[in-house]
Amino acid sequence: MQIYMPDGSRVELAAKSGLIEDILKELKINSEEVIVTLNGRIVAEEETAGGSDELKIVRIVHGG
């Protein structure tokens, strides 16, 4: 599974399947600060990813 990190780097994880929430925890990323896309579509943390899936993690930036 290819994971594109918020800082622009890329990480490859073993092909095991798991909840996106658990993947974020493994990567030490706070799920409340990011949006995750799975194969190009925005998904909830309860979705499962693995195998040849592609995750993109985008940090939410807000200001005023």
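1. Strands β1 and β2. In this predicted model, strand β1, which covers residues 2-4, pairs with β2 in the antiparallel sense. Three bridges join the two strands. Across this pairing, Tyr-4 stands opposite Arg-10 of β2. As background, the strands of a sheet pair through backbone hydrogen bonds, and the pairing may be parallel or antiparallel.

2. The sheet around them. The β1-β2 pair belongs to an open sheet of five strands, in the order β2-β1-β7-β4-β5. The pairing in this sheet is mixed. The edges are formed by β2 (10-12) and β5 (41-43), each of which pairs on one side only. With direction ignored, neighbouring strands are turned by 30° against each other on average. Note that the order in the sheet places β7 between β1 and β4.

3. The chain as a whole. The secondary structure consists of one helix and seven strands. Along the sequence they follow the pattern β-β-β-α-β-β-β-β. The chain has a radius of gyration of 11 Å, close to the 11 Å given by the globule rule for 64 residues, so the chain is as compact as a globular protein of that length. Along the principal axes, the C-alpha atoms fill a box of roughly 40 × 25 × 20 Å. Of the 64 residues, 28% are buried.

4. The helix and its last residue. Helix α1 runs over residues 20-26, and Glu-26 lies in it. Is Glu-26 buried or partly exposed? Its relative accessible area is 45%; buried means under 20% and exposed means over 50%, so Glu-26 counts as partly exposed. Glu-26 and Gly-63 are 37 residues apart in sequence, and their C-alpha atoms are 28 Å apart in space.

5. The salt bridge between Arg-59 and Glu-33. The structure holds two salt bridges. In one of them, the side chains of Arg-59 and Glu-33 meet with an N to O distance of 3.2 Å. This pair links distant parts of the chain, with the two positions 26 residues apart in sequence numbering. Arg-59 is in strand β7, whereas Glu-33 is in the loop between α1 and β4 (34-38). Arg-59 is partly exposed because its relative accessibility is 40%. Glu-33, with a relative accessible area of 39%, is partly exposed as well.

6. The salt bridge between Arg-41 and Glu-47. Here the closest N and O atoms are 3.7 Å apart. How accessible are the two partners? Arg-41 has a relative accessibility of 45% and therefore counts as partly exposed. Glu-47 has a relative accessible area of 29%, so Glu-47 is partly exposed too.

7. A nonpolar patch on the surface. Which residues form the nonpolar patch? They are Ile-35, Ile-42, Val-58 and Ile-60, and together they have about 350 Å² of accessible area. Ile-60 is found in the segment after β7, a strand that covers residues 54-59. At 40% relative accessibility, Ile-60 falls between the limits for buried and exposed, so Ile-60 counts as partly exposed.

Terms used: Residues numbered from 1 in each chain as written. Predicted model: local features only at pLDDT ≥ 70, side-chain atom pairs only at ≥ 80, totals over all residues. Heavy atoms only, no water. Patch = residues over 30% accessible without salt bridge, like charges linked within 9 Å, V, L, I, M, F, W, Y side chains within 5 Å. Areas by Shrake-Rupley, 256 points an atom, 1.4 Å probe, with all protein chains shown as cover. Salt bridge = Lys/Arg side-chain N within 4 Å of Asp/Glu carboxyl O. Helix = DSSP H or I, 4+ residues; strand = E, 2+ residues; numbered from the N terminus. Buried < 20%, exposed > 50% of the residue type's maximum accessible area, 1.4 Å probe, protein only. Pairing = 2+ DSSP bridges. Axes fitted to C-alpha atoms, helices over the stretch in contact; angles between N-to-C directions. Rg over C-alpha atoms; globule rule 2.2 N^0.38 Å.
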